[in-house]
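User: I am new to this structure and would be grateful for a close look at a single part of it. Please describe one pair of packed helices in detail.

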Amino acid sequence: MPMPTFKIDGKEVPYEDGDTILMAAYRAGIDIPYYCWHPGLSVAANCRMCLVEILPPPGRPAMMLDVLELDKDKGEYVVVRKPKLQPACQVPVTPNLEVLSETSPHVARARHAVQEFLLLNHPVDCPICDQAGECKLQDYWLEHMRTSKRMHEEIIHKPKGVSFGPTIVYDAERCIVCTRCVRFCSEVVKDPVLSKRERGNLGEIIVAPGRQLDHAYTLMTEHVCPVGALTSKDFRFKARVWFLRSAPTICQGCATGCNAWLDFDPRYQKVYRHRPRDNKNVNQYWMCDEGMLSYAAVSENRVASARVDGKKTTVERGVSMTAASIKDVPKGKVAVLLSAQHSNEDNFALVTAAKQLGFDNLYVTGKAPGKGDDVLRHPDKNPNTAGVTLVAGSSPKPFGDLLCDIDSGSITHVLALGSAVPVEEAAAVQALKRLSFLAVVGVWDGPLAKAATVLIPACSWAEGEGTFVNAKGMAQRSAKAIQPVDDARPAWETILRIVEATGETMPFKKLKDIQSAMPAPAEKAPEKKAEEPSQAGEASASN
Amino acid sequence: MEPLDLEVDDSSLELPSDPMQLMMGPSHPAMHGTVRIVLDLSGETVLKADVQIGYLHRGFEKSCERGTWNQVFPYVDRCNYSSPMLNNVGYALAVEKLCGLTVPERCQYYRVIMGELARIADHLVCNAAMAMELGAFTPFLWWTRAREMIYDIFEEETGARVTHSFARIGGMADPPNKHFKDAVRAALPKVLAANAEGVSLLQNNRIFMDRTMGVSPISAADAIALSWTGPCLRSAGVPYDVRKASPYLVYDRFDFDVPVGTTGDNYDRFMVRVEEITQSARIIEQALDQMPDDGPVNVDDPRFVFPDKDDVYTTIEATIRHFKIVMEGVPVPKGEAYGYTEAANGELGFYIVSDGSGTPYRVRIRPPSFAIVGGLSKLITGQMIPDIIPTFGSLNMIGGECDH
Amino acid sequence: MAKKLLDILQERFGASVILETHSHVGDDTAVIAPEHWREVALFLRDDPRCKMSMLVDLCGVDRFDQLPRLEVVAHLHSIELNHRLRIKTRIGDEACNDAVVASLVPVWAGANWFERETFDMFGIRFDGHPDLRRILLYPEFVGHPLRKDYPATKTQPLVPYREGDDVLGKLAPFREDEGLSFGRKHLDYVKEDQ
């Protein structure tokens with residue numbers, strides 16, 4: 001059955017039951033400007049930017065208002081009748097509704113007026129404001145206002161640079177009091193720590209007395225803020241957004257697998273921040289603070305170059321030493337350690353390598369579990385636990401078992417992928433050092449790297465394409481953002497080279513070969529297509 | 001004394017003779033702006049000529065795709081660096097065509113006057129260089145001095161003698177100075193006098209005439225087939241001038257003639273340029289009389305033109321406006337356009353493709369001298385080496401434009 | 001006056017040859033099927049109603065997000081009748097293979113250098129061109145720079161760098177995207193073979 005439609009500017013727009021005009025327009029990619037509305041939050045209708053003209057049903061008169069307008073010829077104010085405009089974010093769509101947005105001169109004037117009021121007391125902060133380049137005030141000025149300031153008085157001054165908590169700074173002068181941050185905290189996080197104080201010109205956002213903005217999703221308040229009022233201490237003054245490019249990646253913080261945009265500067269190949277990417281089925285519109293700040297892992301604590309017995313060397317030497325060391329060892333004594341922090345491609349390459357070389361003992365490592373909640377965070381802090389099980393065919397044995405097997409002497413050589421271990425670090429290092437040989441292809445300096453005989457640097461998730469399966473069993477692809485750092489090469493490539501150095505061959509040469517060969521997760525119920533606006537790209541609802 | 005070889009019969013001598021290959025350029029005083037001509041010679045006669053350009057190729061078109069629309073102006077300046085104002089105006093008009101903007105009248109007259117001054121400067125230096133290469137140093141010095149007067153005017157107006165980057169999309173960077181008209185009116189007669197005086201030395205000079213008359217002629221049909229435009233085409237007898245055929249700016253309000261040659265030889269090309277200087281001066285005089293003394297120079301569209309700097313520092317709206325124009329570029333609507341003007345060398349065209357953003361998708365410059373130098377090999381084949389010098393000089397190849 | 005040209009073309013050749021027409025901002029444009037490129041050009045030059053005696057310009061455009069990818073754009077002008085036309089044709093697949101079209105040198109002698117330049121910058125081959133070689137770049141140059149996937153900062157060492165000379169270290173740390181093409185943040189031209 002075809003979807004019911006209504007008209008915006010004469011164009012038929014489909015809508016779902018319960019949609020407001022703005023929601024239906026947003027889905028169809030039609031631009032109705034808004035500040036306070038957000039698809040993931042309740043409707044506040046306080047900014048009045050989305051006002052549209054709704055034609056009366058046939059046979060009914062339009063609701064008209066008497067307004068005063070300056071008659072230029074007479075030089076005095078006269079009463080004029082204008083249709084009452086309504087906020088599109090609030091009006092539910094009914095059958096045969098006809099809305100005028102761009103074709104109505106009243107709407108154009110209303111948008112101009114609202115924009116003018118919003119900018120009336122706005123500080124001239126663009127040169128120092130982080131939001132410049134992704135600021136709705138700038139974009140809507142250009143689209144809907146285009147005139148200069150009519151007020152010649154000093155603007156109202158309010159507190160600037162107020163620290164709300166460990167992560168967020170608030171600037172009341174830039175704030176348009178849209179209350180997106182207030183609604184986010186109370187509706188999504190269920191922690192109503194922010195609220196609005198005063199009214200009119202003096203309106204500003206405050207933190208509840210005696211508290212700080214310190215829940216687990218504070219950076220989302222910065223993300224939903226359409227202007228530069230809320231800025232993150234982590235990102236402020238670090239980079240200008242027009243120099244940044246965005247790669248669609250998957251957050252590596254936990255098994256939820258939130259979709260993210262990783263923003264990097266291609267000139268210096270440096271990663272600057274995460275932003276959430278909308279995905280109705282995984283993370284809706286949000287990400288947690290831990291995940292948002294996990295972008296820093298791309299540049300922190302990395303293994304810069306290959307090491308043999310603690311001494312720096314070339315990747316070639318590392319590869320050849322590894323190949324030589326595992327070649328003629330009794331197969332039952334060799335363990336292969338997969339990593340829940342690495343992509344399906346990396347793990348599948350290692351699983352295939354194990355098959356080629358005849359090693360049957362598969363184990364898995366990753367980070368230790370942490371705190372979860374019912375909003376987004378998952379206690380499993382590894383992005384690809386389910387993926388490892390998928391590509392290995394069955395659940396590999398846990399890391400604890402590996403330590404036992406090393407203790408008992410049944411495992412003497414280990415070919416490992418990964419960096420972190422889920423047990424206490426010092427104990428793990430001590431146990432691993434008992435091995436005759438430990439080759440680690442890893443990204444970060446951790447217990448595995450410390451105990452390694454041969455350590456070969458691998459690319460992090462940001463430096464190569466990878467597939468990660470989240471706790472719900474969905475396989476998601478993360479794109480490449482920057483070029484490999486220092487001597488790092490993609491882990492799957494290193495594994496291929498190790499196998500080839502032993503004399504065996506691998507059935508693939510390139511990443512796409514691995515991707516077509518590796519197993520895909522079982523078909524689940526058809527996914528609802530993510531509600532992204534038709535003008536794709538990296539604009540998320542909150543911008 | 002009797003000639004020594006009286007007894008020798010030339011026809012009985014079988015001297016082996018292959019064509020000699022001579023590389024002329026790229027580093028050569030007469031190869032204006034680096035061009036190399038690989039000549040196959042039989043004695044002094046050119047049997048085959050392969051003109052190799054590209055020594056000044058700087059990736060202009062690729063560089064345009066990496067900035068904003070207004071950031072192209074310094075690039076176009078450096079294309080035809082003898083008459084940069086004409087390049088500025090040509091590019092601005094092409095983009096304004098795509099945007100659907102018409103600049104105010106005062107700006108149109110301003111652009112015309114500055115453009116015609118640039119044209120005079122270009123023709124002066126082209127003729128001067130051509131004459132100097134034939135040995136006539138004096139006109140070079142006189143005409144370069146005359147060009148300095150024009151450069152002084154440019155310096156007063158734009159701040160730079162040569163690479164002004166003065167036009168903008170939607171107008172000019174600054175309005176004309178208070179004494180602009182007086183300065184031009186004062187300089188123009190002196191420039192014309194210098195032109196006339198220099199020409200008087202060359203016009204009926206035996207050496208000059210022998211070296212340029214009848215040398216490298218071209219027929220009208222050949223010139224058109226070779227895509228020639230400008231003074232080179234007009235010297236062949238084709239009265240095609242973009243300012244008359246498809247008038248732009250306010251050219252349709254002026255009374256001026258288009259000098260046309262007959263045989264398309266070097267002499268005609270030289271004289272066409274000389275006469276064009278006089279015609280340009282006529283245009284300038286009329287424009288100065290007609291140009292309004294006040295009024296806006298920029299179009300009244302906040303998306304294209306900067307606000308006052310005072311407002312930028314004190315109001316948020318002006319800051320945003322400034323920010324959008326600088327950081328994002330002016331919003332040229334999606335589509336393509338070909339804007340063409342009569343530059344000093346001929347039809348200067350800009351084919352621009354926009355994807356709707358502030359960065360150009362493709363900026364193609366159609367350099368008039370590219371097509372003209374394409375015909376050079378045809379012109380010099382069969383001529384002698386010394387003929388190459390005035391021929392090449394009369395074509396007015398500007399390396400920056402030809403190689404872009 | 002101007003509309004007539006497009007009508008004449010459509011009447012003479014029909015929709016299988018004249019694929020699209022428009023007159024955006026007053027520039028008459030016709031998209032020609034590549035097999036009929038020279039035929040249409042000859043007609044435009046010789047037909048007494050068109051009389052396009054001059055080929056004003058011929059260039060290429062890389063329409064990275066469309067297929068066929070490369071466009072050859074020619075601007076024509078009639079000195080006698082004072083009208084203009086833009087004709088284009090689209091060739092080449094995603095990787096710019098099979099970008100071949102007939103040369104217009106037999107129609108207008110001036111096409112010679114314009115086609116050489118288009119070949120130089122885009123790699124479009126012109127069938128029947130008497131001397132198709134690079135014109136603006138040196139013969140040993142590798143690649144076709146005006147294609148969108150040719151990084152603007154790519155270096156081409158012709159002469160090996162001297163020993164000990166840190167030439168690459170002295171280059172500005174700019175990569176393909178210099179950062180000012182603000183409007184096209186989401187387009188990723190340089191695809192890598194991973």
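Analyst: The following account concerns one helix pair in chain A.

This is a predicted model, in which local features need pLDDT of at least 70 and side-chain atom pairs count only at pLDDT 80 or more, while totals for chains, interfaces and linings use all residues. Residues are numbered from 1 along each chain as its sequence is written, chains are lettered from A and ligands numbered from 1 in the order in which they are written, and side-chain values use heavy atoms, with hydrogens and water left out.

Two packed helices are described by the angle between their axes and the distance between the axes. In chain A, helix 10 covers residues 399-408 and helix 11 covers residues 425-432; helices are DSSP runs of H or I with at least four residues, numbered from the N terminus. The axes of these two helices of chain A lie 9 Å apart, and the helices pack at an angle of about 40°. Axes are lines fitted to C-alpha atoms over the stretch in contact, and angles run from 0 to 180 degrees between N-to-C directions. Helix 10 of chain A is therefore oblique to helix 11 of chain A, a term for angles that are not under 35 degrees (roughly parallel), over 145 (roughly antiparallel) or 65 to 115 (roughly perpendicular). Their crossing is left-handed, meaning that the near helix is turned anticlockwise from the far one by less than a right angle.

From helix 10 of chain A, A:Phe399, A:Leu403 and A:Ile406 meet A:Ala428, A:Ala431 and A:Leu432 of helix 11 of chain A, where contact means heavy atoms within 4.5 Å. By class, this contact has six nonpolar residues, no polar and no charged ones; nonpolar covers Ala, Val, Leu, Ile, Met, Phe, Trp, Tyr, Cys and Pro, charged covers Asp, Glu, Lys and Arg, and polar covers the others, Gly among them.

Chain C, for context, has four helices and seven strands, strands being E runs of at least two residues. Along the sequence, chain C follows the pattern α-β-β-α-β-β-β-β-α-β-α.
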